[in-house]
Amino acid sequence: MIRKKGLDICLLGFLILSIGCVPKSGTTLSPGLPEDLPGCYAIFPTGPWESVHRIEATLRGGGSSSLLGVTKGEPLERRLESLLLTPEGFILFDAERRESGIAVRKAMAPFDSPAFARGLMEDVTLLFLPPQAKPTTWRKETDGTMICNWEGPDDSHTEIRGSMDSGWRILRRDKQGEVIKEVVLNGPFVNGLASRMELRAFKPASYRLRMILLQAFP
Amino acid sequence: MKKFLFLCVLVATALLWAAAVLSQDWTSLKEASRNIQSVKAEFLQKRYLQILTKPLLSEGRLFFHVSDSLRWEYLSPLRSVMLQKGSTIQVYNYSEGVWKPEMTQAIESRRMVLAEISQWFQGRFDESKSFKHLYSPGPPARVIMVPGEGINRFIHQIEIVLSVRPGVIDRVEIEESGGSRTSIEFRNVEINSSFSPEVFEKP
């Protein structure tokens, strides 16, 4: 009887230990239901579009600049044209992003460095084009919140999370898992474009872009 | 036949008279501009960009005084102001309820633009260091400003359309290299009206 009780305790101990070793199930998403997949693309315009945004750029030192941003997109060709203008209408920066790379048509100081052009077009791409491949995982919560994850070719990671009611958040992580850029989008959406957006960049440079949609054409 | 000839002479005389009244010759234009001490006006700016189907509209107002003072202010869609008093130029943007100094002042290019605008309001088109001028008596009278070497990489030409009111500019058309252009229409133009000198100092 004593031996049987000792065996039971031993089995219970193994059971507790084995439960402790089961991986947590809540953090990993299954690939997702096919009917939920379009929700991962809800914040991106589907057809050709053009827009004008009021941009408030703030650098880490506290300096700020108000600019006009003009963007034209062809989502199917993954083509974007982007202009930065002063409030008076001077063109400070004019570039185009195609599959083949970035072509800078005009760049005035201090917007004339290749690093600025690359960074700006990365931001515009993050804001207006979904990652190129299909998400690796996605899920629709009971409250309608979509959670979608993409793995990038350079081990970067993009997460899009939100709903039309609560707003959306895009997180871009580097291969170490650190958030390098965060975008918050709020509706109403006009021709597929969010009325208000805020992009915060943390690495390598730290800055914030607040964008208000002024004009949008399909 | 005599009746027809008489009619032709009458029509031709009428046309010549109308042209003489409506057009401004260069000398009278300079004379009228010499009396301008200050200008106050509103403007509508239409920015035509090749990538936009519709122009980008901006509204604003300006104050000019002959003592090298200019306030060029945008009220929408971005609230922004350029202040010039003598050689000092300041640029501010209105954001989050306060005026903030512009980070990228781009003072030199703005200085050139403000200097040109100040000369236009005084009819001193022929004193530009950056542009050569061509005068067309019209009507409407126009001054075509052709940029010199360097600036012509960005601006193809500027056309200044003059009002029938002596010394008043109706519209400015700026054609850029690459197909973009800007039209600025002036409204409610007041010549030699009085206003506080503070408009050139504070945003």
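**Sheet, cores and chain contact in a predicted two-chain model**

In this predicted model, K40(B) sits across from E190(B), a residue of strand 11 of chain B. That pair belongs to a longer run of pairing: strand 1 of chain B (residues 38-48) and strand 11 of chain B (residues 181-191) lie antiparallel and are joined by nine bridges. Strand 11 of chain B also pairs with strand 10 of chain B (residues 169-176), again antiparallel, this time through five bridges. Here E173(B) has S183(B) as its bridge partner. Strands 10 and 11 of chain B make a hairpin with four residues between them, and in that hairpin G178(B) adopts a positive phi near 100 degrees.

Zooming out, these strands are part of an open, antiparallel sheet of eleven strands in chain B, ordered 6-5-4-3-2-1-11-10-9-8-7. At the edges stand strand 6 (98-101) and strand 7 (131-136) of chain B; each has a single partner strand, so one side of each has no neighbour in the sheet. From one strand to the next, the twist averages 20 degrees. Towards the strand 6 edge, strand 5 of chain B pairs with strand 6 of chain B over four bridges, in the antiparallel sense, and Y94(B) is found opposite W99(B) of strand 6. Helix 3 of chain B packs on the sheet, where it touches strands 1, 2, 3, 4, 5, 9 and 10 of chain B, and its direction is at about 105 degrees to that of strand 5 of chain B.

What about the nonpolar interior? The largest nonpolar core counts 27 residues, and the ones with the most contacts inside it are L62(B), F64(B), M145(B), I158(B), I160(B) and V172(B). At least two residues of this core come from each of several elements of chain B, including helix 3 (107-121), strand 1, strand 8 (142-147) and strand 9 (155-162). As for M145(B), leaving aside neighbours within four places in sequence, its contacts are F125(B), S128(B), F131(B), H133(B), Q157(B), I158(B) and I160(B). A second core, separate from this one, has 21 residues, among them L80(A), F128(A), W168(A) and L209(A).

Turning to chain A, there are two helices and twelve strands, running α-β-β-β-β-β-α-β-β-β-β-β-β-β from the N terminus on. Of the 218 residues in chain A, 29% are buried. For contacts in chain A between residues at least 6 apart in sequence, 40% link residues at least 24 apart.

One residue worth a look is W49(A), which is located in strand 1 of chain A (residues 49-59). W49(A) counts as buried because 20 other C-beta atoms lie within 10 Å, and 20 or more is the cut-off for that label. Beyond its neighbours within four places in sequence, W49(A) contacts G73(A), N191(A), G192(A), L193(A), A216(A), F217(A) and P218(A). W168(A) lies 119 residues from W49(A) in sequence, and the C-alpha to C-alpha separation of the two is 20 Å.

Finally, the two chains meet: 20 residues of chain B are in contact with 18 residues of chain A. On the chain B side, the elements giving two or more residues are strand 1, strand 2 and strand 5 (88-95) of chain B. By residue type, that side of chain B splits into eight nonpolar, eight polar and four charged residues.

Methods. Residues are numbered from 1 along each chain as its sequence is written. Chains are lettered from A and ligands numbered from 1 in the order in which they are written. This is a predicted model: local features need pLDDT of at least 70, side-chain atom pairs count only at pLDDT 80 or more; totals for chains, interfaces and linings use all residues. Two strands pair if DSSP finds at least two bridges between them. A residue is buried if 20 or more other C-beta atoms lie within 10 Å of its own, exposed if 12 or fewer, and partly exposed in between; C-beta atoms are placed from the backbone. Two residues are in contact if their C-beta atoms, placed from the backbone, lie within 7 Å. A nonpolar core is a set of buried Ala, Val, Leu, Ile, Met, Phe, Trp, Tyr and Cys residues joined through C-beta atoms within 7 Å. Ala, Val, Leu, Ile, Met, Phe, Trp, Tyr, Cys and Pro count as nonpolar, Asp, Glu, Lys and Arg as charged, and the others, Gly among them, as polar. Axes are lines fitted to C-alpha atoms, for helices over the stretch in contact, and angles run from 0 to 180 degrees between N-to-C directions.
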